[in-house]
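Trainee: Could we go through this structure together? I am new to it and would like to start with the ligand.

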Amino acid sequence: MVKVFLTGASGLVGGEALHQIASQPSEHQMSCLVRDAEKGSIIKKAYPDVRIVEGDLDSIDIIRKEAKDADVVFHLASTNHLPSATAILEGISDKSRSTPGYWIQISGGTLVAGDEIAAGRYGEAPEKSYNDLTDTEEIRAVVKKNAGRAVDNLVIAQSPEKAHVALIAGPIIHGEGRGPVNRRSIQAPEITRLTLQRGKAPVIGKGLNVWSAVHIHDLGKLFALLLDAAVSKNNNVWNENGLYFPENERLSFGGIGRAIAAEAHKQKFTPSADVETITAEKANSPSGHAAVIWGTNANLTGSRAKEQLGWKPTGPTFMSGVSDLVRSEAKRLGISPAT
Ligand SMILES: NC(=O)c1ccc[n+]([C@@H]2O[C@H](COP(=O)([O-])OP(=O)(O)OC[C@H]3O[C@@H](n4cnc5c(N)ncnc54)[C@H](OP(=O)(O)O)[C@@H]3O)[C@@H](O)[C@H]2O)c1
């Protein structure tokens, strides 16, 4: 029986991972760190075999012990919480274990955007693209240069003798998850919320900046494949072979804003299909970190998961989901179409 410890089960990413792992035929003993008792009961009701571990990311002793007892750890609650990441590393590399454990860590597309953020360069076309299979050394150098990416740096510094690690840099994650609590993503839903509330879609600067994108179900599939690899002790897909950029398309944020604006107008939620050009500073106040996550470039190509794990993204494209996105955000906000 493989023991899996997962954080973020009440979130979009962790919830989808839980859904896909729990749906696998092989047997797992799962424990999930949950800080909210009510969410813990929802998860337990949906997945009665899951053991709920009460605690938050600062419950270091609990996290270290759970990681020590687990074969595989999915840390999907946060990209940048160093104490919990360190506790996981200590747990999976504990000397009492016969072999090191496996640690799958969520990261984000901004891991390559350090220079743009430092220069305040937002809304501009990409100057670089990064392939996770062929540009690995360059990507590692970019991450190492950015001390602020403390968890990414901790992960990429590990040797297989100490810990088997995989770093999954999420690009734009779109679509509705199938987890037990939150199923809503961040970037496009927030742009849609503001479009519906303000009547125009916000676009930072020229809107030429590009991110790759993946459907949440396809991202979940990658987690399931990595779990399979850990269970079958396929040790060739971790550490120096463990940096993944799951994606299957590229989108500019200007294009995203225009598509959402057009759809909101088509569904009669807004008086026009206009977009509103805003500065990065102005974007941050109505939606936290907006400049960084709507204004930078994450022009990432994901070859590694396809090559090493046979990952095949089959989910719907971003644009095919815009109409549902507008509808569901309007419903969530209680906004009705004009009559
Ligand atoms: N969605 C995207 O497009 C995307 C793309 C790339 C990377 N990411 C990153 O991946 C991570 C997960 O994203 P998400 O979309 O799944 O976010 P989410 O839906 O907000 O879920 C976050 C999850 O982490 C848990 N969590 C957060 N802080 C915690 C703490 N201090 N202690 C215990 N649990 C904590 C939340 O618990 P509660 O339910 O109790 O709040 C929830 O289960 C985030 O760091 C996000 O920035 C997201």
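Mentor: What follows is a short discussion of the ligand and its surroundings in a predicted model.

Trainee: Where does the ligand sit?

Mentor: The ligand occupies the largest pocket. Helix H1 (12–22) and strand E5 (102–108) are the elements that give two or more residues to the shell around the ligand.

Trainee: And which residues come nearest to the ligand?

Mentor: There are 23 residues around the ligand, and those that come nearest are Ser10, Val13, Arg35, Lys39 and Asn182.

Trainee: How do the residues of that shell divide into nonpolar, polar and charged?

Mentor: Ten are nonpolar, ten are polar and three are charged.

Trainee: What lies 2.7 Å from an oxygen atom of the ligand?

Mentor: That is an N or O atom in the side chain of Lys39. Backbone atoms also take part: a polar one of Leu57 is 2.9 Å from a nitrogen atom of the ligand, and a backbone N or O atom of Ala77 is 3.3 Å from an oxygen atom of the ligand.

Trainee: How much of the ligand does the protein bury?

Mentor: The protein buries 79% of the 890 Å² that the ligand exposes when taken alone.

Trainee: Changing topic, which residues does the UniProt domain annotation cover?

Mentor: The unreviewed UniProt entry annotates residues 8–81 as "domain: NAD(P)-binding". Over residues 8–81 the chain is 42% helix and 20% strand, with the end C-alpha atoms 12 Å apart.

Technical notes. Residues are numbered from 1 along each chain as its sequence is written. This is a predicted model: local features need pLDDT of at least 70, side-chain atom pairs count only at pLDDT 80 or more; totals for chains, interfaces and linings use all residues. Side-chain values use heavy atoms; hydrogens and water are left out. A residue is near a molecule or strand if one of its heavy atoms lies within 4 Å of it. A polar contact is a pair of N or O atoms within 3.5 Å; within protein, one must be able to donate a hydrogen and the other to accept it, and residues adjacent in sequence count only if both atoms are side-chain atoms. Accessible areas come from the Shrake-Rupley method with a 1.4 Å probe; for residues, only the protein chains shown count as cover. On a 1 Å grid over the protein atoms alone, a cavity is a set of points where a 1.4 Å probe fits but cannot get out, and a pocket is an open set with protein on both sides within 12 Å along at least five of seven lines; lining residues have an atom within 4 Å of a point. A molecule sits in a cavity or pocket if more than half of its atoms lie within 2 Å of its grid points. Helices (H or I, at least four residues) and strands (E, at least two) are DSSP runs, numbered from the N terminus. Ala, Val, Leu, Ile, Met, Phe, Trp, Tyr, Cys and Pro count as nonpolar, Asp, Glu, Lys and Arg as charged, and the others, Gly among them, as polar. UniProt positions are given in the numbering used here, feature names are shortened, and annotations may be inferred rather than shown by experiment.
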